[in-house]
Amino acid sequence: MAKEQLQVLNALDVAKTQWYHFTAIVIAGMGFFTDAYDLFCVSLVTKLLGRIYYHHDGALKPGTLPPNVAAAVNGVAFCGTLAGQLFFGWLGDKLGRKKVYGMTLMMMVICSVASGLSFSDKPASVMATLCFFRFWLGFGIGGDYPLSATIMSEYANKKTRGAFIAAVFAMQGFGILAGGMVAIIVAAAFKSAYPTPAYQDAPLLSTPPQADFVWRIIVMFGAIPAALTYYWRMKMPETARYTALVAKNAKQAASDMSKVLQVEIESESNTITANNNSTTTTDFGLFSKKFLHRHGLHLLGTTSTWFLLDIAFYSQNLFQKDIFTGIGWIPAPKTMNALEEVYRIARAQTLIALCSTVPGYWFTVFFIDKIGRFAIQLMGFFFMTVFMFALAIPYDHWTHKENRIGFVIMYSLTFFFANFGPNATTFVVPAEIFPARLRSTCHGISAAAGKAGAMIGAFGFLYASQPTDPTKRDAGYPAGIGIRNSLIVLGCINALGVVFTFLVPESNGKSLEEMSKENEDDDDDSNGVEMRGNEFRTVPV
């Protein structure tokens, strides 16, 4: 038998969009702004790190990070993020969203600053320090995924909930954009102050000693937006759904929400308190049969689609160097000095973010509550499959110089539909379909599956995409299956994403309690199970 919806939760579901909703988007979104900045800014400075710490006298090309060091610098934050998503997702359900939310942000601030501090000028010490603090930076970032999504979903009304959660995630695009812009400004300023010749003209002089400050400033800048947000995060009250459904204090939930949202719930607080005990009795654990029966396929759907999406999404690094050099955005490294190379790489990635990444995110924000999560995710995976195969099958055609612009367009469309598609919806849906006491945990599990896929995409395919011809391989890498075959595999992975999307329910326009079935009694089964005495029997639906 369905139970009466708590009035405070019903009031939140039907509340008009208010100023505090936008305040919450900014407070939660600035965390994601910082997340994206910190995770992606390191790719802007890896070439510079190679020139500074791995220069070899007499080499024809500038120094580069060895494969194992490059994998560690780029991948250690992913490992930390995966661990943080699981740990803080679980902790957010145990201690409350607000208590844990401040921990993650402070960890991000401290580790962003510490990432730029090394206690030696020896390559091994610098890289070890950078990797150590980037792991813990990733750990804090990982906590922001389930907590930001859960907090925004529990504050929002059901009419515009999808757009609000997607807007928080869309701040990633601005974080990536800001990373590129900061790198452009810093590199341009140092380039102007310390002009140096190209590597081919004077290898040692092409990397001025002051270049060591450039990567540190870029990496440490990520602490500023996070620090600015800390005070406002601490001022946010605990979400009403956690207070009412998990902490079982509906009167406090009503009081908290009346302070920040203009909703009429004060007069009904006594009724809410009276009904509280009978409204929150359906407690079952993550590993219970009841959870498996109600949400097992949903959790499989959210984890599998996020895992498959991130394999394809993070594999983009395979093609950026070919695109950027092919269309002349980045000349050969030996023709530039160290600061010029940072400037060129940052400019190229900023243009990609501006033209492809950011618009895709905001298309999702505008359309997610109009056409629904399922349609956007299905469409995104479908077009990613189409464009991956369109890049892979005639790959030789795209390698010719006159066809490179077409390659860039196809490449940009692939990641436009990733962002106007599963990259956003896989973040939104897990925050909507699970019970309040398990919502943060299940979102963390789904996000961690995605980050496992990201590691496969970023590093597994980096090795897999290496050609069999030793003369064409990157230094230090074994033979792989080549870029064309890698693209075909990625196309198949996207096609699997289409299939697993059918396990994910549509939550558009429904309340969180309706999706999680928290307003149903223990004896009310969605498949028509009726209790008689001590026995269950199935009845027609």
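A good place to begin in this predicted model is helix α5, which covers residues 123-155: counting 1.5 Å for each residue, its 33 residues should span 48 Å, and because its end C-alpha atoms lie 47 Å apart, the expected span and the modelled one agree. Helix α5 is also mostly covered, since 26 of its 33 residues are buried.

From this one helix we can step back to the whole protein chain, which contains 21 helices and 2 strands. Of the 541 residues in the protein chain, 57% are buried, and the accessible surface of the chain amounts to about 21800 Å², with 66% of that surface belonging to carbon and sulfur atoms. Contacts within the chain can also be sorted by how far apart the partners are in sequence: among contacts with a separation of 6 or more, 82% are between residues that are 24 or more positions apart.

How, then, do two of the helices pack against each other? Helix α4, made of residues 97-115, and helix α7, made of residues 211-220, pack at an angle of about 175 degrees, and their axes are 7 Å apart. Angles over 145 degrees count as roughly antiparallel, and α4 and α7 are therefore described as roughly antiparallel to each other. On the α4 side the contact is made by Ser-112, Val-113 and Ser-115, while α7 contributes Trp-215, Val-219 and Met-220. Sorted by class, the contact of α4 with α7 has 4 nonpolar residues and 2 polar residues, but no charged ones.

Following the chain onward brings us to Phe-221, which is found in the loop between α7 and α8, the latter being residues 223-235. Is Phe-221 buried or partly exposed? Its relative accessibility is 33%, and Phe-221 therefore counts as partly exposed. If its neighbours within four places in sequence are left aside, Phe-221 is in contact with Tyr-37 and Val-182. Phe-221 and Asp-38 are 183 residues apart along the chain, yet their C-alpha atoms are separated by 8.8 Å.

A last stop is Lys-248, whose place is in the loop between α9 (240-246) and α10 (250-260). Which feature of its backbone deserves attention? Lys-248 is not a glycine, and yet it has a positive phi of about 60 degrees. Most residues other than glycine have a negative phi. With a relative accessibility of 34%, Lys-248 counts as partly exposed.

Methods: Residues are numbered from 1 along each chain as its sequence is written. This is a predicted model: local features need pLDDT of at least 70, side-chain atom pairs count only at pLDDT 80 or more; totals for chains, interfaces and linings use all residues. Side-chain values use heavy atoms; hydrogens and water are left out. Axes are lines fitted to C-alpha atoms, for helices over the stretch in contact, and angles run from 0 to 180 degrees between N-to-C directions. Helices (H or I, at least four residues) and strands (E, at least two) are DSSP runs, numbered from the N terminus. Angles under 35 degrees count as roughly parallel, over 145 as roughly antiparallel, 65 to 115 as roughly perpendicular and the rest as oblique. Contact means heavy atoms within 4.5 Å. Ala, Val, Leu, Ile, Met, Phe, Trp, Tyr, Cys and Pro count as nonpolar, Asp, Glu, Lys and Arg as charged, and the others, Gly among them, as polar. Buried means under 20% relative accessible area, exposed over 50%, partly exposed in between (1.4 Å probe, protein chains only). Accessible areas come from the Shrake-Rupley method with a 1.4 Å probe; for residues, only the protein chains shown count as cover. The expected span of a helix is 1.5 Å times one less than its number of residues.
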